[in-house]
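I opened my notebook to look into a few spots in this structure. I kept each entry short.

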Amino acid sequence: MIQTRPIRRDDYATWLPLWNGYNEFYGRGGVTALPESVTAVTWERFFNPLEPVHAQVAEKEGEVVGTAHYLYHRSTTRIESVCYLQDLFTSPASRRNGVARAPIESVQQDSTAAGVRRLYWQTHQDNTAARSLYEQVARHHGFIVYALDAD
């Protein structure tokens, strides 16, 4: 059985390998890894009540096997805020056992309790394993994401 809960400071040692695995999955590893300062600031944001960034962990038999990071933000198409599930990652050994589904459902419950009616996320088009789950729990609206980063 998978349990989800808010992240705690004492989760750092188990969260960090998941965070690094997530970043490596999306090509941010080795020479292209995020600066350590980004990881440090991200971690601190989870515990700052002034930040809209939240984190949960998924546990199986007391072991942290997944993480979800999400944030609330305003929208021009809704009065209430929306929730963006920015990062979702599970340990490779625990995949296909409901570990990713549990945080999605938990974040949705938190969002609903906060008055939010839309939870959304994005993934790479080649992430077929994750997309097979996402197709079951959500609706793809057909949007393609573009990003323009300052150098």
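A pocket, as I use the word here, is an open set of grid points with protein on both sides within 12 Å along at least five of seven lines. I also noted that the model is predicted.

**Entry 1: a pocket**

I looked up the second largest pocket. How much space lies in it? I found about 180 Å³.

Next I checked the lining. The second largest pocket is lined by 14 residues. Nearest its centre lie N20, A33, L34, E36 and T39. I then asked which elements give two or more residues to this lining. They are α1 (12-25) and α2 (36-45). The biggest share comes from α1, which gives five residues.

I sorted the lining by type as well. Six residues are nonpolar, five are polar and three are charged.

**Entry 2: helix α4**

I moved on to α4, which covers residues 128-137. Which of its residues are buried? I listed A130, L133 and Y134. I looked down the axis of α4, and its buried residues fall within an arc of 100°, so they line one face of the helix. On the other side of α4, I found T128 and Q136 exposed.

What do the buried residues of α4 pack against? They pack against β4 and α3.

**Entry 3: S91**

I picked S91 next. I located S91 in the loop between β4 (82-90) and α3 (101-113). These are the elements that the buried residues of α4 pack against.

Is S91 buried or exposed? Its relative accessibility is 17%. Buried means under 20%, so S91 counts as buried.

I checked the side chain too. The side chain of S91 makes a polar contact with the side chain of S94, at 2.7 Å. Leaving out residues up to four places away in sequence, S91 touches L18 and V65.

**Entry 4: F47**

My last stop was F47. F47 sits in the loop between α2 and β2 (53-60). I had already met α2 in the lining of the second largest pocket.

I read a relative accessibility of 24% for F47. Partly exposed runs between the 20% and 50% cut-offs, so F47 counts as partly exposed.

Which residues does F47 touch, not counting those up to four places away in sequence? I wrote down I7, R8 and R9. I then looked at F47 and I7 as a pair. They are 40 residues apart along the chain. Their C-alpha atoms are separated by 8.7 Å.

Conventions
Residues numbered from 1 in each chain as written. Predicted model: local features only at pLDDT ≥ 70, side-chain atom pairs only at ≥ 80, totals over all residues. Heavy atoms only, no water. Helix = DSSP H or I, 4+ residues; strand = E, 2+ residues; numbered from the N terminus. Buried < 20%, exposed > 50% of the residue type's maximum accessible area, 1.4 Å probe, protein only. Polar contact = N/O pair within 3.5 Å; in protein donor to acceptor, adjacent residues only side chain to side chain. Contact = heavy atoms within 4.5 Å. 1 Å grid on protein atoms, 1.4 Å probe; cavity = no way out; pocket = protein on both sides within 12 Å on 5 of 7 lines; lining within 4 Å. Points joined across faces, edges and corners; volume = space filled by probe spheres on them. Nonpolar A, V, L, I, M, F, W, Y, C, P; charged D, E, K, R; others polar. Arc of directions from axis to C-beta.
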